[in-house]
Structure formats: structure tokens, C-alpha cells
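User: I have a model open and want the reasoning behind its labels. Can we go through them one by one?

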Amino acid sequence: MSSVKEECAVFGVYGHEEAAQITYLGLYSLQHRGQESSGIVTSDGKRVYEHKDLGLVSKVFNERIIKHLSGHMAIGHNRYSTTGLTRLENVQPFLVNCKIGKIAVAHNGNLVNAVEIRNAMENEGSIFRSTMDSEIIVHLIARSKEKRLEDMIAEALNSIKGAFSLVFMTKSKIIAARDTRGFRPLCIGKLGDSWIFSSESCAFDLIGATYIREVEPGEVCVIDENGLESIRFAEPEERLHKCIFEFIYFSRPDSKVFGENVDKVRRELGRRLADESPTEADFVISVPDSSNTIALGYAERSKLPFELGLIRNHYVGRTFIQPRQKNRDWDVRIKFNPVRGVLKGKRIVVVDDSIVRGSTMKKLVTMLRQAGTAEVHLRIGSPPIEHSCYYGIDTPTQGELIASTHSVQKIQEFLGVDSLRYLSIEGLLACVSDPETFCVSCFSGAYPITRHGEYEKDVFEDTKVCGEGPEVKGEMES
Ligand code: SF4
């Protein structure tokens, strides 16, 4: 279920005569990471070409547009906003002109010191075009006194704090970089002689590229006509903080992120959950699609059948017109429909990846009850989310997270289920290799980098652009 909001996808290709086409396909396979807007910037070594808009990849691009995006190098971005609202000037890649010529950036993550840096720059006279934290990165590069581009980027990256997997493009180079804690994934692949960067490896499969490795925390990879040069802007932190939610929900099961297969880890979440919280029931169902793999792991370990008890409508757009008839929970009903013939009179285990506010799950449970289920036992493949994420995931403020104000028993009562169990933090960490390298801050509240003060993702917004914004975002709340 869309329990937690997506983040962003970045993609880059160097040395391919169809760079725009390859990037388009890459963004297509990374659509799950962000659906608000999409963009591609290309270069033929002399000129830079750009196209971006609000909407899905399939809506933003067509054959004619892709043909016009000339060049042998390209970077692309799919956005789900974590800082800055959904408006055209916030669509990435963010392309600017500065003393080194044109430079474009695509960012996955969230900067925790963006407010301080931007306020200081604005006090000195800087003018910002967007309301994204990512824009300060190109300002820092443009202000650098260093001579070489790589050193300018390194200096800029040493000034920002937080989560960033970045892909830059100038007229002649593609540069990828990752923060020193490694919050977000970023992999390197090869397609013949071409170099590819992608948030997840599922994009490599579609274009026929081979996975090489991850960009390392603190590393800057520069690709130009001389091939790949690896430099460091900083040493990796002694304690890495790779986002464990990539395995719980964000990444596709067919991807490799942080060097591990998502499907393998996600199944293990289900097995651990079954070990920790076995259930007497007739069968297991998932909340499709995100919890399918966890549910399969749960069913396998419990030796219970896996059934398709909920059917998901895959063609739901981000907005739809709700009839005026009240109390029908249209948002959930339009997305999921229970299979009455399967559910009636049965004791079922419902497996989901996470609970954020609890409101969507409550509607779903009501729907399952109305379909005639005898018992509903809810099993969650992650611990209770008690804290907000500051590192690139759009979670609500802490007060809106149901687990921050309610005990598990109270959540069970609120949802109206016969039993509710979460996976423990220890169980979660037991499912990954090198557990000490993962971030679990949204469960534990122990933040590796603090942010000064609570602020919303519209922190830099002070104008309303009519016709853009909230109506593009209709993803249901959970
Ligand atoms: S706080 Fe949670 S969602 Fe955010 S990076 Fe850490 S594990 Fe991921």
C-alpha cells in the first residue's frame, strides 16, 4: 500500500548515441520512485537540450520530444517532492548557466541544512528560481573559487548536510556523487562502452546494461571522454546510514540496491515476521503490490496458503472525481476491491509493509469486514513508524504518525482488527547484510544528523501558482 510517500529517481548515461531514449526508458522503469514530474537534459558536447514537465514519464515525453533531445550524454529525474511543492520551476534536472557554462543537477534525497544556507545566500543577494533544497547545490558550485569542476563540486558537497545521491551534467561530463552516510542508493552500470548511473538496477535490466557497483559514500565519479575517474569529496562516515525503507517499500523487488537483491531481503522480512508473530488462520493475503513479496515470505514460513484477496486497480490516476455521496471511502475503494468469494467466512492474515497515519488501513479493514471475513489479523513487515524522516522520504510530521501517539493495542482497536503485530527492529535488521550500516531513525528516533527546527516541505514557498500544485498530488493518505 502507499503507506509512505515515494522519493525521487535519478538516471544518467554517457557515451551513447541514443542517450535520450536510454534515459527515457531508465526513467520509465524508475517511475515508482516519483510520479509528480519528469525531466531529461542532454548534451552533444556543444549544446544542451532540455525537456521537463509535470506528470508521468509517459505523459511528459513522446517520440518527437525524445528525437529533439540530441546528444551522447543525458541525465534524467522523476520527482516526488520532499522540499518544494509540485510546480514547474521545481521539476528536475535543474539546469542553470554559471561561470563554468551550463550545469544540470538531478537530486535524490533531502538536505538538512538547506534553510540556513539559503537564508544566508539570500541575505547576500542571491536570487533563487525554485523552492527546492537542491538549488543551493548549484549556487554553491557557482560561488566556488576552485578552478577545476571536480573541485568546485567537492567543495559544494562539503558544505551541504543530509541525504544526496546526485547526478550532474555539463556540456562534456557526467558526474555522480553520494553523501558520506550513503542514505540513498546510486548504482553504476555499463552498456557496451557507455556508462550508466541509476537509482536502482531495475533500469539496467530494461536497457540491457550490466550492474557494476554502487557509487560509494563520499565518492565523486566523473565520466568524460577519458572514461571514469573516481575521486573523493570526503571519507565515508565510520557509521553508514543506508535507508532500510528501500528494502521495506521504495525499491522494486527486481532491483539490487546497496549491493543486495530487494526481493531476497523483502521475503526475509516476511519470514522473520512469521517467526516473531505466527497466526492461526486459513490463508495469507497481501495489500498489493508493495507488500506482495513480504506476504509471500510470511506464507512460506507459516506454511499457510497465499491467496489473492484484494485486487488492485492499476489504472488509478493521481486524481479522480469523487461522487458527493459521503462515507463511501472512495479513495480506497477505487484502488482496491476485495474478492468476496475468497474472503467470506475465512480467518485471514493481511500482510502490509508499514502503517503511517492508519486512516487508509482502517478503511481497508472495514472493506474486508464487509466482504464477510471471519477474522482479520494484521501483520506489518516493519516496526512502528514513530518519527519523521529528514533524509528524503515524505513522511508526515511526528504528531500525524499514529504510532507516535498510540500503543500497538490502541492502534489495533482503532483499525478494528482481531490482532496486530509489527516486525521488531532487531528482526528487521537481521534481514540485511551489515545491519550496522543501516538507518532506522524513523523507528528509533536516533537521528544521525539533526535538523534545526521542524519545517514543512513548503518551507521556501510564498507564492501560489494557479493551476499547479495540490491537485496534481492526489495520492491517498495512509
Ligand atoms: S529515517 Fe527511515 S525512511 Fe528516512 S532514511 Fe532513515 S530509515 Fe529511511
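User: What percentage of the 478 residues of the protein chain count as buried?

Analyst: This is a predicted model. In it, 51% of the 478 residues count as buried.

User: Why is L423 called buried?

Analyst: The cut-off is 20 or more other C-beta atoms within 10 Å. L423 has 28 such neighbours, so it counts as buried.

User: Where is L423 placed, and which residues is it in contact with beyond its sequence neighbours?

Analyst: L423 is in the loop between β22 (419-422) and α16 (425-429). Leaving aside neighbours within four places in sequence, its contacts include L269, R272, L273, E276 and I380. G270 is 153 residues away from L423 in sequence, yet 8.8 Å away in space, C-alpha to C-alpha.

User: What makes the place of the largest nonpolar core one between domains?

Analyst: That core has 131 residues, and I153 and A176 have the most contacts inside it. Domain 1 (8-241) and domain 2 (263-317 + 327-436) both give residues to the core, so it lies between them.

User: Which residues is A176 in contact with, leaving aside its neighbours within four places in sequence?

Analyst: A176 is in contact with G12, L166, V167, L186, F197, V215 and C221.

User: What classes make up the shell around the ligand?

Analyst: The shell has 10 nonpolar residues, 1 polar and no charged ones. Among the residues around the ligand are F183, I244, Y391 and S441. Ser is not listed as nonpolar or charged, so it counts as polar.

Key:
Residues are numbered from 1 along each chain as its sequence is written. This is a predicted model: local features need pLDDT of at least 70, side-chain atom pairs count only at pLDDT 80 or more; totals for chains, interfaces and linings use all residues. A residue is near a molecule or strand if its C-beta atom, placed from the backbone, lies within 6 Å of it. A nonpolar core is a set of buried Ala, Val, Leu, Ile, Met, Phe, Trp, Tyr and Cys residues joined through C-beta atoms within 7 Å. A residue is buried if 20 or more other C-beta atoms lie within 10 Å of its own, exposed if 12 or fewer, and partly exposed in between; C-beta atoms are placed from the backbone. Domain bounds come from an automatic or database domain assignment. Two residues are in contact if their C-beta atoms, placed from the backbone, lie within 7 Å. Helices (H or I, at least four residues) and strands (E, at least two) are DSSP runs, numbered from the N terminus.
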